[in-house]
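Student: I'm new to this structure and I'd like to look closely at just one part of it. Could you pick a spot and show me how it ties in with what surrounds it?

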Amino acid sequence: GGLSVKAGRWDRAAKYYESYLRLCPRSPGVWETLAGVYEELGRKNQAQKAKEEALRLRPGGRPGGKRG
C-alpha cells in the first residue's frame with residue numbers, strides 16, 4: 001500500500017487499501033489514505049465518502065483525532 005503510494009501506483013494502492021478495509025473497516029487512517037488515493041485517481045465522489053468515513057470514525061469527528 002504505502003510503497004504503491006510513494007511510487008504513484010494509484011490503482012494498485014487503491015486495491016490494497018480497499019482490501020485492508022474489508023478486514024479492518026474501522027481504521028480512520030486507512031480511510032484517509034484511501035481518500036487521497038481516490039483523489040489522485042480523479043474519483044472525487046469516492047474520495048469524499050472515504051473522508052466522511054474517516055471523520056466519522058475519529059474521536060471527536062475531526063482529522064487526526066483532535067478534539068476541541
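Tutor: Let's start at P25, which is in contact with W31 and L57 once you leave aside its neighbours within four places in sequence. Keep in mind that you're looking at a predicted model. P25 sits in the loop between helix 2 and helix 3. Is P25 buried, exposed or partly exposed? Its relative accessibility is 41%, so P25 counts as partly exposed. Now hop over to L57: 32 residues separate it from P25 along the chain, yet their C-alpha atoms are 9.6 Å apart.

S27 is also in the loop between helix 2 and helix 3. Its relative accessible area is 15%, and because buried means under 20%, S27 counts as buried. Not counting residues up to four places away in sequence, S27 touches Y20, L21 and L57. That brings L57 up again, since P25 is in contact with L57 too.

Let's step back for a moment to see where this loop belongs. The chain has four helices and zero strands, so its pattern along the sequence reads α-α-α-α. Of its 68 residues, 26% are buried. If you take the contacts between residues at least 6 apart in sequence, 34% of them join residues at least 24 apart.

Next, the helices on either side of our loop. How do helix 2 and helix 3 cross? Their axes come within 9 Å and cross at roughly 150°, and helix 2 and helix 3 are therefore roughly antiparallel to each other. The crossing is left-handed. On the helix 2 side, the contact uses W10, A13, A14, Y17, E18, Y20 and L21, while helix 3 brings V30, W31, T33, L34, V37, Y38 and E40. Sorted by class, that contact has eleven nonpolar, one polar and two charged residues. You've already met two of the helix 2 names: Y20 and L21 are among the residues that S27 touches.

Then there's the other partner of helix 3. Helix 3 covers residues 28–40 and helix 4 covers residues 44–57; they pack at an angle of about 165°, with axes 8 Å apart. That angle makes helix 3 roughly antiparallel to helix 4. This crossing is left-handed as well. Helix 3 makes the contact with P28, W31, E32, A35, Y38 and E39, and helix 4 with K44, Q46, A47, A50, K51, E53, A54 and L57. Here the classes come out as eight nonpolar, one polar and five charged. So who are our old friends in that list? L57 is in it, and so is W31, the two residues that P25 is in contact with.

One charged member is easy to follow. E32, found in helix 3, is partly exposed because its relative accessibility is 31%. Between E32 and A50 there are 6.5 Å from C-alpha to C-alpha, although they're 18 residues apart in sequence.

W31 also leads us to the largest nonpolar core. Which of its 14 residues touch the most other members? They are Y17, W31, L34 and Y38. Helix 2, helix 3 and helix 4 each supply at least two residues of this core, and helix 3 gives the largest share, six residues. In soluble globular proteins, nonpolar side chains tend to be buried together.

Finally, look along helix 2 to D11. D11 is partly exposed, at 45% relative accessible area. Not counting residues up to four places away in sequence, D11 touches L41 and R43. The C-alpha atoms of D11 and V37 are 8.2 Å apart, with their positions 26 residues apart along the chain. V37 also pairs up in space with R9, which lies in the loop between helix 1 and helix 2: these two are 28 residues apart in sequence and 9.2 Å apart from C-alpha to C-alpha. R9 counts as partly exposed, at 48% relative accessibility.

To return to where we began: P25 is in contact with W31 and L57, and both of those take part in the contact of helix 3 with helix 4.

Terms used
Residues numbered from 1 in each chain as written. Predicted model: local features only at pLDDT ≥ 70, side-chain atom pairs only at ≥ 80, totals over all residues. Heavy atoms only, no water. Axes fitted to C-alpha atoms, helices over the stretch in contact; angles between N-to-C directions. Parallel < 35°, antiparallel > 145°, perpendicular 65-115°, else oblique. Left-handed = near helix turned anticlockwise from the far one by under 90°. Contact = heavy atoms within 4.5 Å. Nonpolar A, V, L, I, M, F, W, Y, C, P; charged D, E, K, R; others polar. Core = buried A, V, L, I, M, F, W, Y, C linked by side-chain atoms within 4.5 Å. Buried < 20%, exposed > 50% of the residue type's maximum accessible area, 1.4 Å probe, protein only.
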